There are 2 protein chains.
Amino acid sequence: MDTKTKLISAAEQLFDRHGFTATGMDKLTKAAGMSSRTLYKHAGSKTALITEVLKERHRRFQPHIEVGSVDALFDALEEWIRSESARGCLFLRAYGETGGDIPAITEAVLAHKARLYDKIQDIVAIETDGQAMPELAEQILILYEGATAAAIYRGPKAVVSAHKAASALLKQARS
Amino acid sequence: MDTKTKLISAAEQLFDRHGFTATGMDKLTKAAGMSSRTLYKHAGSKTALITEVLKERHRRFQPHIEVGSVDALFDALEEWIRSESARGCLFLRAYGETGGDIPAITEAVLAHKARLYDKIQDIVAIETDGQAMPELAEQILILYEGATAAAIYRGPKAVVSAHKAASALLKQARS
DNA sequence: AGCAATGTAAAACGATCATTTTACATCGTC
DNA sequence: GACGATGTAAAATGATCGTTTTACATTGCT
């Protein structure tokens, strides 16, 4: 694993576990096993590091939304939450901690969310034989977002409930 | 407005707008219009201040969940989001920023969420003539949570979509 | 052999962090 | 008219913040 990869993945872990602002550069250098000089040569600044972590997170998350059915979408979410993290959406947490005041971070967050909504629209179109149903897509997005949030305090079974609700809404929309 | 009230409401505003960790005590004293000595006499510590802000937030939010129907529940949420804040759930944000490591804060968050779920169970029972339907209640909780999160980037119309989804699930459960 | 790249360790930067302290003013109450 | 409560302003605490710098070691390429 090269230096940059090691840095990004250590940073992602610490940011997810302890928050962005509360994670200092000293803890980052220690966790990534490198000097602060090397860290700054690769990351440039803390803001840039956060942005890169979010972009890498999106890359890693992408396969979980690049699916062809609502069932697969929620199965993938359940797997992610069981194995990766049940601490809420890291993108929204970054947005909240920075108050939306740092353009690069805000852009990364909004791009991720736009991509998520677009993909859900595609999935809904597949499930309904090509019909565009933007409100149904938004409802499934909300169930997806809500499951991620509720899983923090209700565990992975929140995803199962959301999954069933999405299936019911879809079935109703088809009839 | 007495000193303590002024402090709590200034703190709530700053925490919501800029995050908990990023909000320093100097900005708190300036916004609340008091010396740091007075602030510490009333709050004790930053952790205690955050805890009190969350408890006060819960008190102020309570009327919005103490309702008798799913319609009223989502109408109240829509009103809250339009007038108060569309920055996501402040409780979950506090939990995320502290990593769940500060017991007093974690307790306040979990108590709020437990109260929310209990209330939704009551509402579902009213709507279904007394039947206990814990999974339907969880689904409505997820729509509620998801609307709060999605409203950050999709605006208040997310609450309208969630409202319709909740009504549909309820209608289906009744038949 | 020599040079550019990439790394380390460690100190220093000024700013800001949460918190405490020192010294003083303004009250309403007994 | 003294007193306790409640406030202010301002400085000091030691720690930690993000970032830069100085000085040196280890590589791989030409």
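Of the 17 residues around DNA strand C, which come nearest? They are Thr3(A), Thr38(A), Met25(B), Tyr40(B) and Lys46(B). A residue is near a molecule or strand if one of its heavy atoms lies within 4 Å of it.

This is a predicted model, in which local features need pLDDT of at least 70, side-chain atom pairs count only at pLDDT 80 or more, and totals for chains, interfaces and linings use all residues. Residues are numbered from 1 along each chain as its sequence is written, chains are lettered from A and ligands numbered from 1 in the order in which they are written, and side-chain values use heavy atoms, with hydrogens and water left out.

**DNA strand C**

Sugar or phosphate contributes 51% of the atoms of DNA strand C within 4 Å of the protein, and bases contribute the rest. At least two residues of the surface near this strand come from each of α3 of chain A, α2 (25-32) of chain B and α3 of chain B. The largest share, 4 residues, is that of α3(A). Helices here are DSSP runs (H or I, at least four residues), numbered from the N terminus, and strands are runs of E of at least two residues. By class, the surface near DNA strand C holds 3 nonpolar, 10 polar and 4 charged residues. In this scheme Ala, Val, Leu, Ile, Met, Phe, Trp, Tyr, Cys and Pro count as nonpolar, Asp, Glu, Lys and Arg as charged, and the others, Gly among them, as polar.

**DNA strand D**

Around DNA strand D there are also 17 residues, of which Met25(A), Tyr40(A), Lys46(A), Thr3(B) and Thr38(B) come nearest. Of the atoms of DNA strand D that come within 4 Å of the protein, 50% are accounted for by sugar and phosphate. On this side α3(B) gives the largest share of the surface, 4 residues. The residues of that surface divide into 3 nonpolar, 10 polar and 4 charged.

**Polar contacts with the DNA**

The table gives side-chain contacts to both strands. A polar contact is a pair of N or O atoms within 3.5 Å.

| Residue | DNA atom | Distance |
|---|---|---|
| Thr3(A) | phosphate oxygen, strand C | 2.5 Å |
| Ser36(B) | base oxygen, strand C | 2.9 Å |
| Lys46(B) | phosphate oxygen, strand C | 2.6 Å |
| Arg37(A) | base oxygen, strand D | 2.9 Å |
| Lys46(A) | phosphate oxygen, strand D | 2.5 Å |
| His42(B) | phosphate oxygen, strand D | 3.5 Å |

For DNA strand D, the elements that give two or more residues to the nearby surface are α2 (25-32) and α3 (36-43) of chain A together with α3 (36-43) of chain B.

**Chain A and its parts**

An unreviewed UniProt entry places the feature "domain: HTH tetR-type" at residues 1-61 of chain A; such annotations may be inferred rather than shown by experiment. That span is 79% helix and 0% strand, and its end C-alpha atoms lie 20 Å apart. An automatic or database domain assignment sets the domain bounds, and chain A is divided into domain 1 (1-44) and domain 2 (51-174). The contact between them (heavy atoms within 4.5 Å) takes 12 residues from domain 1 of chain A and 12 residues from domain 2 of chain A. Their C-alpha centres lie 26 Å apart.

**The two copies**

A turn of 180° and a shift of 0.0 Å along the axis lay chain B on chain A with an RMSD of 0.0 Å. The two copies are thus related as by a two-fold rotation axis. The superposition is by least squares on the C-alpha atoms of residues with pLDDT of at least 70 in both. Gly146(B) is the residue of chain B that comes closest to the rotation axis, at 1.7 Å (C-alpha). The copies meet through the same surface, because 100% of the interface residues of chain B are also interface residues in chain A.

Definitions and conventions:
Polar contact = N/O pair within 3.5 Å; in protein donor to acceptor, adjacent residues only side chain to side chain.
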